[in-house]
Every structure is written in structure tokens, then in C-alpha cells.
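Welcome! Please open the structure in your viewer and get ready to select a few pieces, one stop after another.

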Amino acid sequence: MRGLVLNYVNMPRFLKKPMWRVWHNWILSRDKGDVALRFMNYGYAPLDGDGTTIELADHDESERFGAQLYHFAASHTDISGKDVLEVGCGRGGGASYLARYHNPKTYVGVDLSEKGIQFCNSHYRTPNLRFVRGAAESLPFEDEQFDALVNVESSRAYNDIEGFFAEAYRVLRPGGAFLLTDMRLRDDVEALDEQVKAAGFRVDAYYNITENVVRSLDIDDERRRHLMRRKIPKPVIKMFGEFAGVRGSGRYASFASGAMQYVSYLLTKPEAA
Ligand SMILES: C[S@@+](CC[C@H](N)C(=O)[O-])C[C@H]1O[C@@H](n2cnc3c(N)ncnc32)[C@H](O)[C@@H]1O
């Protein structure tokens, strides 16, 4: 399992999508009843202080670091009053956080997982927020409908990353912001840079937040373990720890050693000449 999690990116393209769907649908099936998991990312924490960057209502506190990753990713631009699309919204925790705290005019979350979208549609009741099932590589929207596109810890799974970048470019209005935040093997970061530029985007800001992700995993470790003990069957708990990035897992080690890098971009679709 450790190998599967770490080498997922090298799998044949035709296997990636079905595997991802099965895996995510299984995770979702584990978190019924007292729902605990609205975010599925490794989180963000500043390197100094107590690890907090934002004020949260009490009911948002339990998944603080996931929310902080979204806050960091979206704060590269101002999305208030804007039409925002998120691709790979998962269980919608980030969409709900941004829709409530960053005041976009509209926020649409898209995900490949039908179970994820069902969860989001039944779980959130925010007037400016809705969810639609769809694939990153063929977004179910007309051209130039959005001012900003949010994509957090999802693009690495896509079987056609160039197809996704072309779609992101197509659905954004000229001047629109593509807020891309994700991990890549150290040797693949340069290729990512080239791919976004080849799609037509201008790189307006780039941040390497690997150390912030490690700090988030450190501070959040006990909560992650506690959740696993509550929700995951004992025989697969160790395997799941790989995915959750708990201390001692291969995923955690890959971030801590720098073999896996976590990056965050503000990309802009240039205004028409
Ligand atoms: C690690 S989760 C992150 C979810 C969310 N962004 C978060 O941070 O909580 C990755 C998400 O990407 C979605 N995903 C994977 N491949 C996709 C694709 N081709 N199109 C749309 N969503 C996809 C998965 O279903 C999953 O919900």
C-alpha cells in the first residue's frame, strides 16, 4: 500500500481515474453518521507561532489546517464578489469555508466522485454555493464563465493534466485567476511550471509550502490518528496512515525529506491583446 500511495502518479493513465474513484468512494463510506471529514488535504501551518493563521467559528475549528490550506491558496487574489469554480472539491470543506469566509458571488464545486458530490449537496446549505459532478479534463461549463478557479491537492491524480489546464484556461474569463495548489515529486516541479505556461497562463506568484505542510502534519498528527482509530478498520489502519500522512508514514517522510514538494501558484489568464 505504501508503494501504491507513493507511486500512484506513475500508474498507467487508464488505471488512475477508476482507482481514484474507488479509493475515494471507500473513504467516504467510512465517514457516516457523525461526519468528521470535510477536508481531504495535508493542511497548512505557518512555521512560527501556534500554527494558526485565521479566525474560525467553533464549528470549523476541528479541521483548521485544511481550512488554512484553502485560505492560503485563495488569498493570492481577492475572490469576493467573483464567480468561482473549484475543481476536485472532495467533501466540500474548502468550498464551504471559502464560500462563507471569502464572500464570492457564486462558488461551484466540481468533483469526479459521485458520492462526494452527493455528500456535498446534502451537507451544505450556503446560498452562494453549489456542487456538480464532473471531470477536470472535460468541465461541464461554457467558455469564460468564471473569474477564479481553485484547485487544491487534486491535480496530481488527473490522467490528463494538460487537458485539465486547457479546460481551466477555457472556462476562465480573461484576467481570471487560476489558484493551483498541490504536491509534486521534486523532479516534477519544473515540468508543472512548463505545463501551466504552455497552457497560456502567466505565473504571477509561486510559493513552495512543503515545510508548512510538514508543520501542519506535525501539529495535526494526534487528531488524524484519533480519526483513523474511530473510522478505519484495524487491519487497514496502517495502510490508511500512508494516505493520511501521519508521522512515520512514507508520505510524511517524503515531505520531510523534500522528495515530495508542495507548491502553490497564482496563475493568470492574460487579458486579450
Ligand atoms: C485529496 S482529495 C482533495 C479534496 C479537496 N480539494 C480537499 O482539499 O479537501 C482529491 C479530490 O480530487 C478528486 N479528483 C480526482 N481526479 C479527478 C478528476 N479527474 N476530476 C475531478 N476531480 C477529481 C477526487 O475525487 C478527490 O475528491
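The tour goes from the sheet to its helices, then to the ligand and a few single residues. Keep in mind that this is a predicted model.

**Stop 1: the sheet**

Begin by showing the strands alone. You will find 7 of them in an open sheet, in the order β3-β2-β1-β4-β5-β7-β6, with mixed pairing. Which strands stand at the edges? They are β3 (129-133) and β6 (202-208); each has a single partner strand, so one side of each is left without a neighbour in the sheet. From one strand to the next, the twist averages 15°.

**Stop 2: β2 and β3**

Now select residues 106-111, which make up strand β2. Strand β2 pairs with β3 in the parallel sense, over 5 bridges. As a general point, strands of a sheet pair through backbone hydrogen bonds, either parallel or antiparallel. To see how the two strands line up, pick Val108, which stands opposite Arg130 in β3. Then pick Gly109, whose place is opposite Phe131 in β3.

**Stop 3: the helices on this part of the sheet**

Add helix α5, residues 114-123. Helix α5 lies across β2 and β3, and it runs at about 160° to β3. Follow the chain from β2 through α5 to β3, and you trace a right-handed β-α-β unit.

Next, bring in α4 (93-101). Helix α4 packs on the sheet, where it touches β1 (83-87), β2, β3 and β4 (146-152). The direction of α4 makes about 175° with that of β2.

**Stop 4: a covered helix**

Select α3, residues 64-74. Is this helix mostly covered or mostly open? Mostly covered: 10 of its 11 residues are buried. Among the buried ones are Phe65, Leu69, Tyr70 and Phe72. To see what covers the buried residues of α3, show its surroundings, including α4, β4, β5 (172-185), α8 (210-219) and β7 (260-268).

**Stop 5: around the ligand**

Show the ligand and the 24 residues around it. Which of these come nearest? They are Asn41, Gly88, Gly90, Ala136 and Ser154. Two elements give two or more residues to this shell, namely α2 (13-30) and α4. If you colour the shell by class, you get 11 nonpolar, 10 polar and 3 charged residues.

**Stop 6: Gly90**

Stay with Gly90, one of the residues that come nearest to the ligand. Look for Gly90 in the loop between β1 and α4. Is Gly90 buried or exposed? Gly90 is buried, because 28 other C-beta atoms lie within 10 Å. Leaving aside neighbours within four places in sequence, Gly90 is in contact with Met40, Asp111 and Gly116. For a sense of scale, draw a line from Gly90 to Glu167: these residues are 77 residues apart in sequence and 19 Å apart in space, C-alpha to C-alpha.

**Stop 7: two residues with positive phi**

Finish with two loop residues. Asn103 sits in the loop between α4 and β2. Asn103 has a positive phi of about 50°, although it is not a glycine. With 14 C-beta neighbours inside 10 Å, Asn103 counts as partly exposed.

Then move to Glu153, in the loop between β4 and α6 (161-171). Glu153, though not a glycine, has a positive phi of about 50°. Glu153 counts as buried, with 23 C-beta neighbours inside 10 Å.

Definitions and conventions
Residues are numbered from 1 along each chain as its sequence is written. This is a predicted model: local features need pLDDT of at least 70, side-chain atom pairs count only at pLDDT 80 or more; totals for chains, interfaces and linings use all residues. A residue is near a molecule or strand if its C-beta atom, placed from the backbone, lies within 6 Å of it. Helices (H or I, at least four residues) and strands (E, at least two) are DSSP runs, numbered from the N terminus. Ala, Val, Leu, Ile, Met, Phe, Trp, Tyr, Cys and Pro count as nonpolar, Asp, Glu, Lys and Arg as charged, and the others, Gly among them, as polar. Two strands pair if DSSP finds at least two bridges between them. Axes are lines fitted to C-alpha atoms, for helices over the stretch in contact, and angles run from 0 to 180 degrees between N-to-C directions. Two residues are in contact if their C-beta atoms, placed from the backbone, lie within 7 Å. A residue is buried if 20 or more other C-beta atoms lie within 10 Å of its own, exposed if 12 or fewer, and partly exposed in between; C-beta atoms are placed from the backbone. A crossover is right-handed if, with the strands pointing away from the viewer, the path from the first strand over the helix to the second runs clockwise.
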